[in-house]
Amino acid sequence: MTDRATSYDRTVRQLKRLVAKFSVLVAIGAILVAFWSGAIPQRMSPISPLDLSDKDSWFLDFRLTSLRHDKALCAATLKAPILIATPISDQPYKDGCGWINGVRMSSASSAKIPVNAMTCEMAAAFGMWVAHVVQPAAQLHFKSSVTGLLNMGGYSCRNIIGSKFWGDFRSQHATANALDIGAFTLADGRRISLKKDWQGDTTEAKFLRDVHRGACRYFRVVLGPDYNAAHHDHFHFDRGYLKSCR
Ligand SMILES: [Zn+2]
């Protein structure tokens, strides 16, 4: 065999190895995207269904996403006392607005929070955040419980507000996949609002910072007053495709 032929064979072998490695990477990427987007039905998933009461749930993001298209799983998962919510009819997407697999929510962990339309996935994340972050933080900082949260915006057919770059894109609010929260009411009547209490080093500010930080585990996007002026008086939470906690 000539040196030239040997060199050719070696190059072909290296190329084949490279293609094989690339194919494995593409396959892993496709599986991750399928989980991230909720394309894998629960019955085909190796991960067990979400339990709202399990605050240490592994693969939490995938478990939440599996609720996206599955009405039966949603009905079996959203349960009192963590969440009081009832299924609502789909509003088919038009001009980038509408929802599928939505619920109407009235309370989460004994705290009143009326929301007319919200995706099941978003409601589950919200219920877990109130149960495992908000109520424990209220006990820690105020020795009290939260009895109500102020809804400052749920479903709204609109684009993203407050950003030049994202202003041409539909907000997650346009698909009932986002919720804005502006204040918390405690059992003793006190009211903690982002507008009044976010700044400084008070107990109220520490509570707000704790619940902001704790939200990042449950929602994909969490934006607070430090993000931009448009969010000076509320937290924005959503379960879209981006991941950001600011
Ligand atoms: Zn928002």
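**Exercise 1.** In this predicted model, find how many of the 35 residues of H1 are buried, and say why the helix lies largely in the open or not.

*Solution.* Step 1: a residue is called buried if 20 or more other C-beta atoms lie within 10 Å of its own. Step 2: among the 35 residues of H1, the number that are buried is 0, so the helix lies largely in the open.

**Exercise 2.** Compare the span of helix H1 with the expected one, then state what follows the helix.

*Solution.* Step 1: H1 covers residues 3-37. Step 2: from first C-alpha to last, H1 reaches 51 Å, close to the 51 Å expected at 1.5 Å a residue. Step 3: glycine 38, just after H1, has a positive phi of about 80°.

**Exercise 3.** Give the domains in the assignment and the separation of their centres.

*Solution.* Step 1: the domain assignment lists domain 1 as 1-37 and domain 2 as 51-245. Step 2: taken over C-alpha atoms, the centres of domain 1 and domain 2 are 43 Å apart.

**Exercise 4.** Describe the burial of strand S4 and its pairing with S1 and S5.

*Solution.* Step 1: S4 spans residues 102-108 and is mostly covered, with 5 of its 7 residues buried. Step 2: S1 (residues 83-87) runs antiparallel to S4, joined by 5 bridges; alanine 85 has methionine 105 in S4 as its bridge partner. Step 3: S5 (residues 111-119) also pairs with S4 in the antiparallel sense, over 5 bridges, and alanine 111 in S5 is the bridge partner of alanine 108. Step 4: the hairpin of S4 and S5 has 2 residues between the strands, and serine 109 in this hairpin takes a positive phi near 50°.

How values were computed. Residues numbered from 1 in each chain as written. Predicted model: local features only at pLDDT ≥ 70, side-chain atom pairs only at ≥ 80, totals over all residues. Domains from an automatic or database assignment. Helix = DSSP H or I, 4+ residues; strand = E, 2+ residues; numbered from the N terminus. Expected span 1.5 Å × (residues − 1). Buried ≥ 20, exposed ≤ 12 C-beta atoms within 10 Å, placed from the backbone. Pairing = 2+ DSSP bridges.
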